[in-house]
Amino acid sequence: MKKKFGLLMTVILSILFLVACGGDPDKKSDAGAGGKRDTLVIGMGADAKSLDPHASNDNPSSNVRVQIYDRLMDLDENGVPQPMLAESWERPDDKTIIFHLRKGVKFHNGDEMKASDVKFSLERALAAPEVSHILTGINGVEVLDDYTVKVTTEKPMAAI
């Protein structure tokens, strides 16, 4: 009796295993027979907390935001600053940086980016508890004209 029961369980488990290994015959693989995939799936250890750049300072959120928003400048693989929204910048002294903004940059609503928008964003970041520590040391942000922003710091600040 035990032998028959064991044999029956082995057959049932084998059938279940084979059924579980089968795919859905109605689903067509999007990569089969030389087909091209049109979706990139990326596994992340955690979800972004916020897409608002001033609402969180965690890696998952930053990894997503860096693909959505542009910055004034970025660093290349050698750590050399590269222009993004700022087409150029100058350092008249160790505590001042003047950004010359790229003309014609549009927001999603069609409005053109101006120096007042950069000032607003920097001041908003300074007031946000989640990210203000990154900008500690900035004394002021001044709009010189529509495409020029001057940032002054308490002391020389490499991070800026």
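This passage describes the core, the strand pairing, the surface and the salt bridges of a predicted model.

The largest nonpolar core contains 22 residues. Leu72, Phe99, Leu101, Val118, Val149 and Val151 have the most contacts inside this core. Four elements each supply two or more of its residues: strand E4 (96–101), helix H3 (115–127), strand E5 (138–145) and strand E6 (148–153). Helix H3 makes the largest contribution, with four residues. The surroundings of Val151 illustrate the packing. Setting aside residues up to four places away in sequence, Val151 touches Lys95, Thr96, Ile97, Phe99, Leu122, Ile138, Gly140, Val141 and Ile160. Among these partners, Phe99 is also one of the core residues with the most contacts.

Strand E4 is paired with two other strands, E3 and E6. Strand E3 spans residues 86–93 and runs antiparallel to E4, with five bridges between them. A hairpin of two residues connects E3 to E4. Within this pairing, Ser88 faces His100 of E4. Trp89 is placed opposite Phe99, also in E4. The pairing of E4 with E6 is likewise antiparallel and comprises five bridges. Here Thr96 stands opposite Thr152 of E6. Strand E4 is mostly covered, with five of its six residues buried.

The surface includes a nonpolar patch. Phe5, Leu8, Met9, Ile12, Leu13 and Leu16 form this patch, and together they have about 580 Å² of accessible area. One of its members, Leu16, belongs to helix H1, which covers residues 2–21. Leu16 counts as exposed because its relative accessibility is 52%, over the 50% cut-off.

The loop between H1 and helix H2 (59–65) carries Lys49. The relative accessibility of Lys49 is 67%, so this residue is also classed as exposed. Beyond its neighbours within four places in sequence, Lys49 is in contact with Ser56, Asp58 and Ser61. His133 lies 84 residues from Lys49 along the chain. The C-alpha atoms of the two residues are 18 Å apart.

Four salt bridges are present in the structure. One of them joins the side chains of Asp52 and Arg124, with an N to O distance of 2.7 Å. Asp52 sits in the loop between H1 and H2, whereas Arg124 is in helix H3, so this bridge ties together parts that are 72 residues apart in sequence. Both partners are partly exposed: Asp52 has a relative accessibility of 24%, and Arg124 has a relative accessible area of 35%. Helix H3 therefore holds Arg124 of this bridge, and the helix also gives four residues to the largest nonpolar core.

A second pair links Lys114 to Asp146. Their closest N and O atoms are 3.4 Å apart. This pair, too, connects distant parts of the chain, with the two positions 32 residues apart in sequence numbering. Lys114 lies in the loop between E4 and H3, and Asp146 in the loop between E5 and E6. Lys114 is partly exposed, at 22% relative accessibility. Asp146 is partly exposed as well, with a relative accessible area of 44%. For Lys114, the class follows because 22% is not under the 20% limit that defines a buried residue.

Another salt bridge is formed by the side chains of Asp74 and Arg71, at 2.9 Å from N to O. Asp74 is partly exposed, with a relative accessible area of 31%. Arg71 falls in the partly exposed class too, at 28%.

How values were computed. Residues numbered from 1 in each chain as written. Predicted model: local features only at pLDDT ≥ 70, side-chain atom pairs only at ≥ 80, totals over all residues. Heavy atoms only, no water. Core = buried A, V, L, I, M, F, W, Y, C linked by side-chain atoms within 4.5 Å. Buried < 20%, exposed > 50% of the residue type's maximum accessible area, 1.4 Å probe, protein only. Contact = heavy atoms within 4.5 Å. Pairing = 2+ DSSP bridges. Patch = residues over 30% accessible without salt bridge, like charges linked within 9 Å, V, L, I, M, F, W, Y side chains within 5 Å. Areas by Shrake-Rupley, 256 points an atom, 1.4 Å probe, with all protein chains shown as cover.
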